[in-house]
2 protein chains.
Amino acid sequence: MVRTVKKQTRQEKLRAMLNDNPFITDGALADILEVSIQTVRLDRQTMGIPELRARVQEVAEGAAAKLKSLSGPELVGELLDLELGIRGISLLEVTGEMVFAKTGVARGHHLFAQANSLAVALIDAEVALTGTAQIRFKRPVLLGEKVIARAVVNSGKGQRFVVTVTSSVKDEEVFAGEFMVFAKGSEGEQWDAYSS
Amino acid sequence: MVRTVKKQTRQEKLRAMLNDNPFITDGALADILEVSIQTVRLDRQTMGIPELRARVQEVAEGAAAKLKSLSGPELVGELLDLELGIRGISLLEVTGEMVFAKTGVARGHHLFAQANSLAVALIDAEVALTGTAQIRFKRPVLLGEKVIARAVVNSGKGQRFVVTVTSSVKDEEVFAGEFMVFAKGSEGEQWDAYSS
DNA sequence: CTACTATTAGTACCAGGTACTAATATATAA
DNA sequence: TTATATATTAGTACCTGGTACTAATAGTAG
C-alpha cells in the first residue's frame, strides 16, 4: 500500500506545518500539500486537530494568559500571603517558557523577577523601586518545580527598606536575595538618592 | 438631545468592555448594552473596532510575538554584538508590558533579565548558569526608552566567570551588575560548587 | 474480479460577521 | 405644528471558514 505511506507522511507534514504556524486555513494547506480541501479536513479530523478559528482562539487565550502571568501584573508569581511592610509569600510554578530548552533549567531572571516583585509589593507606599540587590542562585530550578519565595522587611528608615527574600523548592533553598527598595511618596522627590 | 448622551456613554462602555475582554460577540454585547445587534455593529464601525475574529487574531498574533520576545529566546533584548567569552552588547526597548502602569517605570527584573541573559550568553560553554549577582539600579527607566547593555567578562578561572554589565540609556548609566556565572561541560559535574 | 482504502466532489448547514437599504422612533428648530 | 436631522432597529444578500454528511471515483491487494 503506497497510499498508506503517502497518507502518513502527509499527515506528519500537516502536523508540522500547523505546529509552526497555526494560522493557516484548510485551503492553504490543501494547496501546499497538493491534495483536495476535503482530504485536509479528513486528516485534521482523524488527527483530532481543531479548525482554524478554534486554533487561533486557543493561541489567543493561552498567550494572553501567559502574558498576564509573565508581565501583566505587578507581581510575578501568585501571592499566597502578604502583610504590607512586614512579609509576604508568593508561589511560582516553573513552566516551559521559563527554562533553557537544552537543560530544562529555569533562567535566573524568572526567580529574580519573583523575588524582586515580591519585595517591591511588600513596601507600603505609592511607588516603590528596587535600588540595589545581592542575589544568589543556590541550586538550579527545573521545569515543573514550584518555587515559594518568602520575603521579609528587615529594616526601613524613611524611604529606604531592606528586604530579604529566600526562595525554596520543597524546603530546599534555591535562591536568596537582599533587596534595597526605595519608596516614593507621590511626586517630586529627586531620584538622586535612588542609587545610593 | 438625550440620545447623543446615551450613545456616547454606550460607546464608552463598549470600548471598555472590549478592552478587558476582546473575545465577545456583537450579540453578547447587544444583550448587555440592551440595544440591537445592528446598533452594536454601527458603534463598532464608527469607532473603528474590528470584528470578533479579527480581534482574536490580533491578540493571538501579538501575544504570540510578545511571548517569543519575552520568554522564547535565550536572550532578553536584541543582540547587537558578541565576542564569545569576551564581551557583548544588547538592546532592549522598554514596552508597555514592562512598566508599572502607575508610573511608567520599568520593573527592575526586565533590566536584570537583559543583563543576566547577556552575561550567560557570553560564556562559551555548553551550559552556563548564574551563581550570584550584585546589581544596582541607578535611575528609573521609562516607557519607550532604549536600554543598551554592555557586558564584559572580567575573569574566568575554569568554570567560574565574573561578568560585569552596565546598561545605559543615551550614555546615562541606569543599571550596573556583576554576575558570577558558572559554566558546565556537559553532564555529571555536581552542582555543589554552584552556589559557592 | 472483488473488496477495501484513499481521495475527491458536492450539498446543506452554521457562526459571525460585512454592506447595504429601508423603516421607525425621537428630538430639535422653524 | 410640521419639517428636518439623528438614532435605532429590521431585514436581506453575501462572505469566510468551517462541520457533517452522502456519494462517486481511483487504485491496490488478494
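In this predicted model, Val152(A) has Thr164(A), in strand 5 of chain A, as its bridge partner. The two strands concerned are strand 4 (residues 146-157) and strand 5 (residues 160-169) of chain A, which pair in the antiparallel sense over 9 bridges. Strands of a sheet pair through backbone hydrogen bonds, either parallel or antiparallel.

**The sheet**

Strands 4 and 5 of chain A belong to an open sheet of 12 strands with antiparallel pairing, to which chains A and B both contribute. Its order is 1(A)-2(A)-4(A)-5(A)-6(A)-3(A)-3(B)-6(B)-5(B)-4(B)-2(B)-1(B). Strand 1 of chain A and strand 1 (78-83) of chain B are the edge strands, each pairing on one side only. On average, neighbouring strands of this sheet are turned by 20° against each other, direction ignored.

Helix 5 (residues 108-122) of chain A packs on the sheet. Its contacts are with strand 1, strand 2, strand 3 (127-137), strand 4, strand 5 and strand 6 (172-184) of chain A, together with strand 3 (127-137) of chain B. The direction of this helix makes about 40° with that of strand 4 of chain A. Helix 5 (residues 108-122) of chain B lies across strand 3 of chain A and across strands of chain B, among them strand 1 and strand 2 (87-93). The helix of chain B runs at about 40° to strand 4 of chain B.

**Chain A overall**

Chain A has 5 helices and 6 strands. From the N terminus on, these elements run α-α-α-α-β-β-α-β-β-β-β. Of the 196 residues in chain A, 44% are buried. The chain exposes about 10,200 Å², and carbon and sulfur atoms supply 52% of this area. Among its contacts between residues at least 6 apart in sequence, 58% join residues at least 24 apart.

**Two partly exposed residues**

The table lists relative accessibility for one residue in a helix and one in a loop of chain A.

| Residue | Relative accessibility | Class |
|---|---|---|
| Gln57(A) | 28% | partly exposed |
| Leu84(A) | 45% | partly exposed |

Gln57(A) is found in helix 4 (residues 52-71) of chain A. Not counting residues up to four places away in sequence, Gln57(A) touches Phe23(B) and Val56(B). Gln57(A) counts as partly exposed because its relative accessibility is 28%, and that class lies between under 20% for buried and over 50% for exposed.

Leu84(A) lies in the loop between strand 1 (78-83) and strand 2 (87-93) of chain A. Together with Leu79(A) and Leu82(A), Leu84(A) forms a nonpolar patch on the surface. The accessible area of the three leucines together is about 230 Å².

Note on methods:
Residues numbered from 1 in each chain as written. Chains lettered and ligands numbered in written order. Predicted model: local features only at pLDDT ≥ 70, side-chain atom pairs only at ≥ 80, totals over all residues. Heavy atoms only, no water. Patch = residues over 30% accessible without salt bridge, like charges linked within 9 Å, V, L, I, M, F, W, Y side chains within 5 Å. Areas by Shrake-Rupley, 256 points an atom, 1.4 Å probe, with all protein chains shown as cover. Salt bridge = Lys/Arg side-chain N within 4 Å of Asp/Glu carboxyl O. Helix = DSSP H or I, 4+ residues; strand = E, 2+ residues; numbered from the N terminus. Buried < 20%, exposed > 50% of the residue type's maximum accessible area, 1.4 Å probe, protein only. Contact = heavy atoms within 4.5 Å. Pairing = 2+ DSSP bridges. Axes fitted to C-alpha atoms, helices over the stretch in contact; angles between N-to-C directions.
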